[in-house]
Amino acid sequence: MRENQPRTTTEPKMSNAKRRGWTFVAVLSAVLTVAVVGCGTSGKAPSNTGGSSASTPASTTNTAASTGNANGAIVDGLFEEPGNLNPILGPNMTFSEIVDAALYRNLFMVDPTNKLIPQMASVVPTVANGGISKDGLTYDIHLNPNAKWSNGDPFTSKDVEVTYKLLTSSDVNAVSRLGWDDVQSLQIVSPTEFKVHLKKPDPGFLNDALANPMPGILPASVFGNMNPKDVNTASFNHDPTVTNGPYKFVSWVPGASITVTANPYWVGPKPKTQTIQFKIIPDQNTLLTNVKAHAINVWYFDPITDVPQLQAISGANVHLTPQPAFEMGLINQRNPILQDVRVRQALEMAIDRQAIVQQVYKGNAVLLGADQSKMSWTSNPNIQPYPYDPTQAKKLLAEAGWTMGSDGYLHKNGQILALTYSSTAGNSVREATERLIQYWFKQIGVKLTIKNAPANVFFGTMLPSGKGWDIAEYESLDSSNPTSATAQDFTPSGSSDYGNFNNPTVNRLMKQVQVTVDQTKAKQMMAQVEQILHDQLPALWYFAPDEVDTSVGISGYQPNPWSVDTWNVYDWQLNN
């Protein structure tokens with residue numbers, strides 16, 4: 001179905017919050033009281049900590065000492081339970097990646113300064129050092145000769161070859177094939193050296209294929225002779241017998257915890273803590289209670305509304321870190337109602353996103369007009385966020401043929417404009433956002449039903465199926481190669497194109513940009529892509545929120561906006 005052309009300006013204008021006066025303030029306060037305080041957080045208003053305007057992470061510390069955990073283990077609280085512990089399998093979940101980064105290491109890792117550092121490899125290949133051919137088609141990779149698996153077996157080129165073959169098999173539910181799909185062949189030179197020959201230049205190959213915990217590298221000793229069809233259901237997925245990261249697997253009690261212990265054969269810095277327990281607590285109020293009781297030492301993705309309480313905890317370090325991420329309401333374009341761009345634009349302009357930033361996120365987020373944050377080199381500086389303009393939203397819906405009924409909702413051809421909004425269950429900040437959006441949509445005649453689901457259901461079956469939701473809110477994190485997120489989320493070949501967006505111009509430009517070595521030219525093409533994503537709205541663009549993390553009673557914790565919190569888990573140590 002051909003979409004109508006955009007009918008709105010991209011120029012921002014001042015929020016109408018003040019003009020709406022006390023009626024809006026009262027409604028906003030009531031919604032936040034139900035959605036945030038009702039979820040167990042304090043009624044005390046959090047202070048504005050400066051947030052996203054900072055160029056470096058902000059950290060607040062209560063210097064009182066913590067006694068730590070009696071059993072000597074560091075406890076990392078997980079809001080979501082991983083879908084599995086196989087580093088090449090979907091679903092793509094941040095909390096799976098957190099555990100995987102402790103158990104597995106790829107050849108490289110991205111550090112907090114957005115630079116590649118070797119992990120299982122010995123050196124980062126470049127054109128200058130001869131590791132990448134001048135035409136960009138051949139990569140010569142050298143592995144650390146001392147790298148081993150947790151059973152003492154050497155980590156070799158064969159492990160990488162086996163992983164490559166499984167990742168590119170259509171029978172495997174791969175979390176991502178980005179980068180690997182561009183490989184023409186993989187040539188083993190020796191146990192510690194292999195060459196990758198690409199079909200076409202791919203400047204993001206190292207970052208996409210060889211620098212993420214997911215996908216990571218599998219042990220050939222386990223998967224070398226396995227039928228690809230059997231990988232998805234292998235017992236290894238929930239009981240990994242061999243790993244190559246700082247830690248190795250001990251146990252997984254479903255719904256309760258995952259326990260790992262230091263890997264004596266890990267080639268990197270020796271872990272400072274013998275045991276780490278990932279405690280599964282899918283309720284943010286309970287997580288907060290556990291932090292206050294010093295029952296957990298690490299809490300990742302904390303609600304911004306809890307910052308004042310976290311700052312008051314003895315021995316707690318609260319980290320607020322700008323990150324290259326985008327919170328969005330993904331549009332399910334399988335719904336004929338949402339195939340009209342005027343409807344999508346109306347929904348975007350019906351949401352006072354600046355009010356959400358100020359009232360829910362306490363200023364610790366930056367509004368977006370597309371999917372690239374200001375931290376990404378691909379960001380188009382000419383794109384401005386849509387204005388909050390419910391009057392224009394009503395006009396667009398009227399132009400699209402929707403008329404107000406006596407029930408207070410819009411109707412067209414006997415159909416009510418009713419949508420289902422979904423996100424991960426138990427997230428108090430998103431629940432607050434949902435209730436506000438539900439209120440704002442009602443003001444323009446849109447009936448919104450909220451239907452949340454546990455993370456493993458939301459990411460595992462709900463989003464991929466395209467069923468049971470019309471707008472899905474979640475956060476997507478740009479990697480050090482930010483073009484990969486766009487390719488994955490908004491092209492038909494992407495593993496996360498859950499909204500079924502298919503724009504021929506975007507598809508063509510993304511294919512070109514991913515083989516363009518000249519970053520200036522790539523940026524020009526991405527600027528065009530971002531303009532289309534802004535105009536066509538495959539998602540409601542919200543904001544880039546600061547990452548909020550808390551460490552309690554431990555040293556060595558360092559936020560990394562380009563990776564997950566366990567990127568340097570070997571440095572974590574309980575305070576005495």
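**Pockets, sheet and loops in a predicted model**

Helix α4 is the top contributor to the lining of the largest pocket, giving 4 residues. That pocket, like everything else here, comes from a predicted model. It holds about 540 Å³ of space. Of the 26 residues lining the largest pocket, D202, P203, G204, N207 and V517 sit closest to its centre. Two elements, α4 (205–210) and α16 (519–536), each supply two or more residues to this lining. Sorted by class, the lining of the largest pocket splits into 12 nonpolar, 10 polar and 4 charged residues.

The second largest pocket comes in at about 460 Å³. It is lined by 21 residues, and the ones closest to its centre are L178, D181, S493, G494 and Q514. Here the elements giving two or more residues are α14 (483–490) and α15 (504–513), with α15 giving the most, at 3 residues. The class breakdown for the second largest pocket is 5 nonpolar, 9 polar and 7 charged.

Then there are the enclosed spaces. Searching the whole structure turns up 2 cavities of 30 Å³ or more. The second largest cavity has about 70 Å³ of space. Its lining is made up of L368, G369, A370, Q372, K374, S379, N380, I383 and E530, which by class means 3 nonpolar, 4 polar and 2 charged residues.

Stepping back to the whole protein, the secondary structure amounts to 16 helices and 24 strands. Of the 576 residues, 58% are buried. If one takes the contacts between residues at least 6 apart in sequence, 71% of them join residues at least 24 apart.

One of the sheets is open and has 6 strands, in the order β14-β21-β13-β20-β18-β19, with mixed pairing. The edges belong to β14 (365–367) and β19 (447–450); each has a single partner strand, so one side of each has no neighbour in the sheet. On average, neighbouring strands of this sheet are turned by 30° against each other, direction ignored. At the β14 edge, the pairing with β21 (residues 539–545) is antiparallel and runs over 3 bridges. Within that pair, L367 is found opposite F543 of β21. A helix also packs here: α9 (residues 341–349) lies across β13 (325–331), β18 (418–422), β20 (471–477) and β21, at about 35° to β21.

Strand β12 (residues 316–321) is a well-covered piece of the structure, with 6 of its 6 residues buried. A316, V318 and L320 point one way from the strand, while N317, H319 and T321 point the other way, and all are buried. The partner of β12 is β22 (residues 547–552), which runs antiparallel to β12 and is joined to it by 6 bridges. In this pair, T321 stands opposite E547 of β22.

Several loop residues deserve a look too. V242 belongs to the loop between α6 (228–231) and β8 (247–253). Its relative accessibility is 5%, so V242 counts as buried, the cut-off being under 20%. Setting aside neighbours within four places in sequence, V242 is in contact with Y104, W149, S150, N151, P219, V222 and F236. For N151, the separation from V242 is 91 residues in sequence but 6.4 Å in space, C-alpha to C-alpha.

On the backbone side, two cis peptide bonds can be pointed out. The bond from G90 to P91 is cis, with omega near 10°, and P91 is in the loop between β2 (74–78) and α2 (94–103). The bond from M214 to P215 is also cis, with omega near 0°; P215 lies in the loop between α4 and α5 (220–223).

Positive phi values turn up in loops as well. F301, in the loop between β11 (298–299) and α8 (307–311), has phi near 60°, a positive value in a residue other than glycine. With 26% relative accessibility, F301 counts as partly exposed. N413 sits in the loop between β16 (410–412) and β17 (415–416). Phi of N413 is near 50°, again positive in a non-glycine residue. The relative accessible area of N413 is 77%, so this residue is exposed.

Key:
Residues are numbered from 1 along each chain as its sequence is written. This is a predicted model: local features need pLDDT of at least 70, side-chain atom pairs count only at pLDDT 80 or more; totals for chains, interfaces and linings use all residues. Side-chain values use heavy atoms; hydrogens and water are left out. Two strands pair if DSSP finds at least two bridges between them. Axes are lines fitted to C-alpha atoms, for helices over the stretch in contact, and angles run from 0 to 180 degrees between N-to-C directions. Contact means heavy atoms within 4.5 Å. On a 1 Å grid over the protein atoms alone, a cavity is a set of points where a 1.4 Å probe fits but cannot get out, and a pocket is an open set with protein on both sides within 12 Å along at least five of seven lines; lining residues have an atom within 4 Å of a point. Grid points are joined across faces, edges and corners, and a volume is the space filled by probe spheres set on the points. Ala, Val, Leu, Ile, Met, Phe, Trp, Tyr, Cys and Pro count as nonpolar, Asp, Glu, Lys and Arg as charged, and the others, Gly among them, as polar. Buried means under 20% relative accessible area, exposed over 50%, partly exposed in between (1.4 Å probe, protein chains only).
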